[in-house]
Amino acid sequence: MAVVGYILLCLIWGSTWLAIKLGLDAGMPPLLGASLRFAIAAALLLPAARVMAPGSFRDRTAWRLALLVGLLSFGFGYGATYVAAMWIPSSLGSLTFGFFPFWVAVLAHFLLGERLTLAKLLAIVLGFSGLALLSYGSLRELGPDTALGVAIVTCSVLVQGYPQVMIKRDGKDVPTVFLSGAGMLVGSLVLLVVAGIAGEWSRPFPWNSTVVLSIAYLALMGSIVTFMIYYGLLKRLSATLMALVALITPPIAVILGSIYRNEQLGTLTLTGGAIVLTGVGLFQLEERRVARLRRRA
């Protein structure tokens, strides 16, 4: 079941970048769109959590992690991602997010004791080199607005790494349905407030079919299904291995972006993305080697 969940997670998350971009193209305000996505998901998940895990609502650790995830991941992280998506192709956003495993690995090294070997460090250096080339390529080939979008996604990744490691460390006994539901509720409220400050409340919301379908797909498939799978697997697998979902989702996003939006990335940008993914793949191989040695010990 873990293998099936892992594959499904990659397939759906590979399509969410396109769903976000299509909604924005149809006039969806980024912060309100993200807020609605998580509000819908939380409205379905929290009643389920009340039935399946009522004790979580009295658990201080559960609420602490939910607040952390809500503020830093669903709030700041996804808010930044939606804003950045206004300036970058969906495929480029996914490629930029590919360095997420490396940042998680660094945090896990210091906070969880998941030791970084020399091979892992070399893979991380390769990955960050690819990210630098990707950023330079996007600036040169797609313009300064695109480079700004890449920088915003990078900030999103840096912030979202910390909650993931904390869940791995402290969230073993926190039910996934509560963690996802409460975290999304917090994130939705944060995004709603920031949307008001940004002036999105004053503009009419475009209730066209593309925007509605985008929000519905992202709420049901991109939020409920994926995060239930994600946080469930995160408590069973290493934080680093879970972050390697980023290895598979970018190629899916590139293919979908090319088919549905005719997105064309330049040679430097694609080369940088390929180097990032190569680094992730090498990191994964080293992770497996270390795991085999531990089992033999």
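This short presentation describes selected helices and residues in one protein structure.

Good morning. Please keep in mind throughout that the model is predicted.

I begin with a pair of helices, H5 and H12. Helix H5 covers residues 100–111, and helix H12 covers residues 267–296. Two packed helices are described by the angle between their axes and by the distance between those axes. For H5 and H12, the axes come within 9 Å and cross at roughly 45°. That makes H5 oblique to H12. Which residues of H5 and H12 meet? From H5 they are Pro101, Phe102 and Ala105, and from H12 they are Val276, Gly279, Val280 and Phe283. By class, this contact has six nonpolar residues, one polar residue and no charged residues.

Let us stay with H5 for a moment. This helix has twelve residues and reaches 16 Å from its first C-alpha to its last, close to the 16 Å expected at 1.5 Å a residue. Its buried residues are Phe100, Pro101, Phe102, Val104, Ala105, Leu107 and Ala108. Just after H5, glycine 113 takes a positive phi of about 75°.

Next, consider helix H11, residues 249–261. H11 has 13 residues, and its first and last C-alpha atoms are 17 Å apart, close to the 18 Å expected at 1.5 Å a residue. Where do the buried residues of H11 lie, seen down its axis? The residues in question are Thr249, Pro250, Ile252, Ala253, Leu256 and Gly257. They fall within an arc of 155°, so they line one face of the helix. Ile255 and Ile259, on the other side of H11, are exposed. Just after H11, asparagine 262 takes a positive phi of about 55°.

I now turn to individual residues, starting with leucine 131 in helix H6, which spans residues 118–142. Is leucine 131 buried or exposed? Its relative accessibility is 8%, and because buried means under 20%, leucine 131 counts as buried. Leaving aside neighbours within four places in sequence, leucine 131 is in contact with Thr96, Phe99, Thr154 and Val276. Val276 has already appeared in this talk, as one of the H12 residues that meet H5. Leucine 131 and cysteine 10 are 121 residues apart along the chain, and their C-alpha atoms are separated by 21 Å.

H12 also holds threonine 271. With a relative accessible area of 35%, threonine 271 is partly exposed. Threonine 271 is 134 residues from glycine 137 in sequence, yet the two are 8.7 Å apart in space, C-alpha to C-alpha.

A further threonine, threonine 16, is found in helix H1, residues 2–25. Threonine 16 counts as buried, at 7% relative accessibility. Apart from neighbours within four places in sequence, threonine 16 is in contact with Leu218 and Gly222.

My last residue is serine 56, placed in the loop between helix H2 (30–52) and helix H3 (60–84). How accessible is serine 56? Its relative accessibility is 4%, so serine 56 counts as buried. Which residues is serine 56 in contact with, leaving aside its neighbours within four places in sequence? They are Ala62, Trp63, Pro175 and Phe178.

To close, I return to two of the helices. H5 is oblique to H12, and the buried residues of H11 line one face of that helix. Thank you for your attention.

Key: Residues are numbered from 1 along each chain as its sequence is written. This is a predicted model: local features need pLDDT of at least 70, side-chain atom pairs count only at pLDDT 80 or more; totals for chains, interfaces and linings use all residues. Side-chain values use heavy atoms; hydrogens and water are left out. Axes are lines fitted to C-alpha atoms, for helices over the stretch in contact, and angles run from 0 to 180 degrees between N-to-C directions. Helices (H or I, at least four residues) and strands (E, at least two) are DSSP runs, numbered from the N terminus. Angles under 35 degrees count as roughly parallel, over 145 as roughly antiparallel, 65 to 115 as roughly perpendicular and the rest as oblique. Contact means heavy atoms within 4.5 Å. Ala, Val, Leu, Ile, Met, Phe, Trp, Tyr, Cys and Pro count as nonpolar, Asp, Glu, Lys and Arg as charged, and the others, Gly among them, as polar. Buried means under 20% relative accessible area, exposed over 50%, partly exposed in between (1.4 Å probe, protein chains only). The expected span of a helix is 1.5 Å times one less than its number of residues. The arc is that of the directions from the helix axis to the C-beta atoms.
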